[in-house]
Amino acid sequence: IVTYNSLLNVFGKAGNYSEALRILKEMEENNCPPDSVTYNELVAAYARAGFYEEGADVIDTMTSRGIMPNAVTYTTVITAYGKAGKEDKALDLFDRMKNSGCVPNVCTYNTIIGMLGKKSRTEEMMRILCEMKSNGCVPNRVTWNTMLAMCGNKGMRNHVQQVFREMKNCGFEPDRDTFNTLISAYGRCGSGIHASKMYDEMIKAGFSPCVTTYNALLNALARRGDWKAAESVLLDMKSKGFRPS
RNA sequence: AUCACUUC
């Protein structure tokens with residue numbers, strides 16, 4: 001079963017959901033009944049290909065075969081809806097999930113928070129954050145990075161430091177992803193200076209930049225129209241063996 | 001042992 005599931009993962013990642021379906025059939029024929037991971041892989045395969053409705057349908061299919069969808073299943077479909085701009089469908093499914101007795105975990109909440117944050121639906125986002133805490137679900141690193149990311153939205157610049165401080169108060173030290181998020185957030189709200197500063201701090205903290213770091217930094221510098229700085233970043237990037245995309 | 005969340 002693990003072998004089959006891993007195979008499904010490979011085809012799913014390649015965006016080849018028809019091959020994934022073939023494997024599912026083969027499992028059923030070979031007396032190897034699919035489990036929840038199998039169906040979750042199938043949902044993920046649909047989601048990666050942009051077929052969120054087909055992904056949502058798998059929830060019914062697996063239920064009818066006696067495999068209950070779990071938090072991973074729902075989170076995968078909710079994410080797909082969010083990426084497709086179907087926020088209300090995502091929220092709908094989130095409600096259905098809870099009504100069916102499936103308990104959202106930290107990843108589910110992070111998905112919803114990120115989706116609402118991107119759309120600047122701040123009040124709803126804060127409500128979900130409260131719900132999360134009152135359900136005993138503790139915000140993790142990703143939750144905080146998600147919150148920082150939304151501070152890159154228009155007019156949110158002054159919230160960055162505040163959220164960052166709260167994060168540290170909760171015992172989270174910034175990691176490379178946090179710095180990437182900070183650089184991107186400052187870049188998007190038009191503060192290239194702060195973005196560069198965050199890059200320097202990241203280096204000082206001993207983290208090595210990755211492609212995401214460079215992309216975020218380049219975006220920030222481009223917004224400022226600082227082509228000279230951007231060019232030196234590009235050189236630095238190439239010298240470290242990264243290739244610009 | 002295999003699946004979902006943030007930064008692109």
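**Helices, aromatic pairs and the RNA-facing surface of a predicted model**

Helix α9 is mostly covered, since 7 of its 10 residues are buried, where buried denotes a relative accessible area under 20%, exposed one over 50% and partly exposed a value in between (1.4 Å probe, protein chains only); helices here are DSSP runs (H or I, at least four residues), and strands likewise (E, at least two), numbered from the N terminus. The structure is a predicted model, in which local features need pLDDT of at least 70 and side-chain atom pairs count only at pLDDT 80 or more, whereas totals for chains, interfaces and linings use all residues. Residues are numbered from 1 along each chain as its sequence is written, chains are lettered from A and ligands numbered from 1 in the order in which they are written, and side-chain values use heavy atoms, with hydrogens and water left out.

The buried residues of α9 are Thr143, Trp144, Asn145, Thr146, Met147, Leu148 and Met150, and they pack against α7, α8, α10 (159–169) and α11, contact being defined as heavy atoms within 4.5 Å. At the N-terminal end of α9, Asn140 acts as a cap, with a side-chain oxygen 3.0 Å from the backbone nitrogen of Val142; a polar contact of this kind is a pair of N or O atoms within 3.5 Å, of which, within protein, one must be able to donate a hydrogen and the other to accept it, and residues adjacent in sequence count only if both atoms are side-chain atoms. Thr146, located in helix α9, counts as buried at 17% relative accessibility, and its side chain reaches the backbone oxygen of Val142 at 2.6 Å. Not counting residues up to four places away in sequence, Thr146 touches Asn110, Ile113 and Gly114, and these three residues are among the buried residues of α7.

Helix α7 (residues 106–118) has 13 residues, which at 1.5 Å a residue should span 18 Å, and its end C-alpha atoms are 18 Å apart, in agreement with that value; the expected span is 1.5 Å times one less than the number of residues. Of the 13 residues of α7, 11 are buried, including Val106, Tyr109, Ile112 and Met115, and the buried residues pack against α5 (71–83), α6 (87–99), α8 (122–134) and α9 (141–150). The N-terminal end of α7 is capped by Asn105, a side-chain oxygen of which lies 3.0 Å from the backbone nitrogen of Cys107, while just after the helix Ser120 takes a positive phi of about 55°. Met115 of α7 is also a reference point for Lys86, the C-alpha atoms of the two being separated by 9.8 Å although they are 29 residues apart along the chain. Lys86 is found in the loop between α5 and α6, is partly exposed with a relative accessible area of 33%, and touches Tyr52 and Tyr81, again not counting residues up to four places away in sequence.

The surroundings of RNA strand B comprise 24 residues, of which the closest are Asn5, Asn40, Asn105, Asn110 and Ser184, a residue being near a molecule or strand if one of its heavy atoms lies within 4 Å of it. Sugar and phosphate account for 46% of the atoms of RNA strand B that come within 4 Å of the protein. At least two residues of the surface near RNA strand B are supplied by each of α1 (2–13), α3, α5, α7, α9 and α11 (176–188). A sugar or linking oxygen of the strand lies 3.1 Å from an N or O atom in the side chain of Glu41, and such an oxygen lies 3.4 Å from an N or O atom in the side chain of Thr111; a polar side-chain atom of Lys118, in turn, lies 3.1 Å from a phosphate oxygen of RNA strand B.

A search of the whole structure finds 6 aromatic pairs, for which rings of Phe, Tyr and Trp (its six-membered ring) must have centres within 6.5 Å, planes under 30 degrees apart counting as stacked, over 60 as edge-to-face and the rest as tilted. The rings of Tyr17 and Tyr46 form a tilted pair, with centres 5.4 Å apart and planes at 40°, and this pair links Tyr17 in helix α2 (residues 17–29) with Tyr46 in helix α3 (residues 36–48), 29 residues apart. The rings of Tyr17 and Phe51 have centres 5.1 Å apart and planes at 75°, so the pair is edge-to-face. Tyr17, Tyr46 and Phe51 form one aromatic cluster, in which Tyr46 counts as buried at 10% relative accessibility, whereas Tyr17 is partly exposed at 27% and Phe51 is partly exposed at 31%.
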